[in-house]
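User: Hi! I've got a new model open and would like a quick tour of the fold. Could you walk me through it?

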Amino acid sequence: MAERKIMLRKEEVADFVTMAGKCDFDIDIAYNRYTVDAKSILGVLALDLRQVLTVRYNGYDAGFEEFLGKFALAS
C-alpha cells in the first residue's frame, strides 16, 4: 500500500477527484480518524483542508503519481 502526505486547497479538489477517478484501484484520503473515498468530491470537501491529508492506495498509475507530486509534502 502506497501512502503520500499532501495539502489541498479547496479549488484543487475537483482536479484531484477527477484524477483519482481515472485510476482503476481504490484510493482513500484521510485526516486523523476520518477516511473518505478520494473519488468522492463531497467526501474530500468534508475533510479539513487546512490540515495535512494522507492519501492511501493499492495500485500504480503514472499520471496519478505525477499529479500527486504537485501536492506532496517533503518527507
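User: Great, thanks. How is the sheet put together?

Analyst: Happy to help; keep in mind that this is a predicted model. The sheet is open and is formed by 4 strands in the order 1-4-2-3, with antiparallel pairing. At its edges lie strand 1 (2-6) and strand 3 (34-37), each of which pairs on one side only. On average, neighbouring strands are turned by 25° against each other, direction ignored.

User: And what packs on the sheet?

Analyst: Helix 3, residues 62-69, packs on it and touches strand 1, strand 2 and strand 4. The direction of helix 3 makes about 170° with that of strand 4.

User: How many bridges join strand 1 to strand 4?

Analyst: There are 5 bridges between them, and the two strands run antiparallel. One of the pairs is Arg4 with its bridge partner Val55 in strand 4.

User: What about strand 2, which partners does Asp28 have there?

Analyst: Strand 2 (residues 27-31) is joined to strand 4 (residues 53-57) by 4 bridges, again antiparallel. Asp28 has Arg56 as its bridge partner in strand 4. Strand 2 also pairs with strand 3 in the antiparallel sense over 4 bridges, and there Asp28 stands opposite Asp37.

User: Is strand 4 enclosed or open to the outside?

Analyst: It is largely enclosed by the rest of the structure, because 4 of its 5 residues are buried. Buried here means under 20% relative accessible area.

User: Let's switch to the core. Which residues have the most contacts inside it?

Analyst: The largest nonpolar core has 23 residues, and those with the most contacts inside it are Ile6, Leu8, Phe16, Ile27, Ile29, Val55 and Phe64. Helix 1 (13-21), strand 2, strand 4 and helix 3 each give two or more residues to this core. Helix 1 gives the most, with 5 residues. As background, nonpolar side chains tend to be buried together in soluble globular proteins.

User: Ile27 caught my eye. What is it in contact with?

Analyst: Leaving aside neighbours within four places in sequence, Ile27 is in contact with Ala20, Val36, Asp37, Ala38, Lys39, Val55, Arg56, Tyr57 and Phe64. Two of those, Val55 and Phe64, are also in the list of core residues with the most contacts.

User: New topic: I was checking backbone torsions. What stands out about Asn32?

Analyst: Asn32 has a positive phi of about 55° although it is not a glycine. For context, most residues other than glycine have a negative phi. Asn32 is found in the loop between strand 2 and strand 3, and the hairpin of these strands has 2 residues between them.

User: Is Asn32 buried or exposed?

Analyst: Exposed, with a relative accessible area of 64%.

User: Now zoom out for me. What is the order of the elements?

Analyst: The chain has 3 helices and 4 strands, and from the N terminus on they run β-α-β-β-α-β-α. The radius of gyration is 11 Å, close to the 11 Å that the globule rule gives for 75 residues, so the chain is as compact as a globular protein of that length. Its C-alpha atoms fill a box of roughly 25 × 25 × 25 Å along the principal axes.

User: Any overall numbers on burial, surface and contacts?

Analyst: Sure. Buried residues make up 37% of the 75 residues. The chain exposes about 4700 Å², with carbon and sulfur atoms supplying 49% of it. Among contacts with a separation of 6 or more, 63% come from residues 24 or more positions apart.

Conventions
Residues are numbered from 1 along each chain as its sequence is written. This is a predicted model: local features need pLDDT of at least 70, side-chain atom pairs count only at pLDDT 80 or more; totals for chains, interfaces and linings use all residues. Side-chain values use heavy atoms; hydrogens and water are left out. Two strands pair if DSSP finds at least two bridges between them. Axes are lines fitted to C-alpha atoms, for helices over the stretch in contact, and angles run from 0 to 180 degrees between N-to-C directions. Contact means heavy atoms within 4.5 Å. A nonpolar core is a set of buried Ala, Val, Leu, Ile, Met, Phe, Trp, Tyr and Cys residues joined through side-chain atoms within 4.5 Å. Buried means under 20% relative accessible area, exposed over 50%, partly exposed in between (1.4 Å probe, protein chains only). The radius of gyration is taken over C-alpha atoms; the globule rule is 2.2 Å times the number of residues to the power 0.38. Accessible areas come from the Shrake-Rupley method with a 1.4 Å probe; for residues, only the protein chains shown count as cover.
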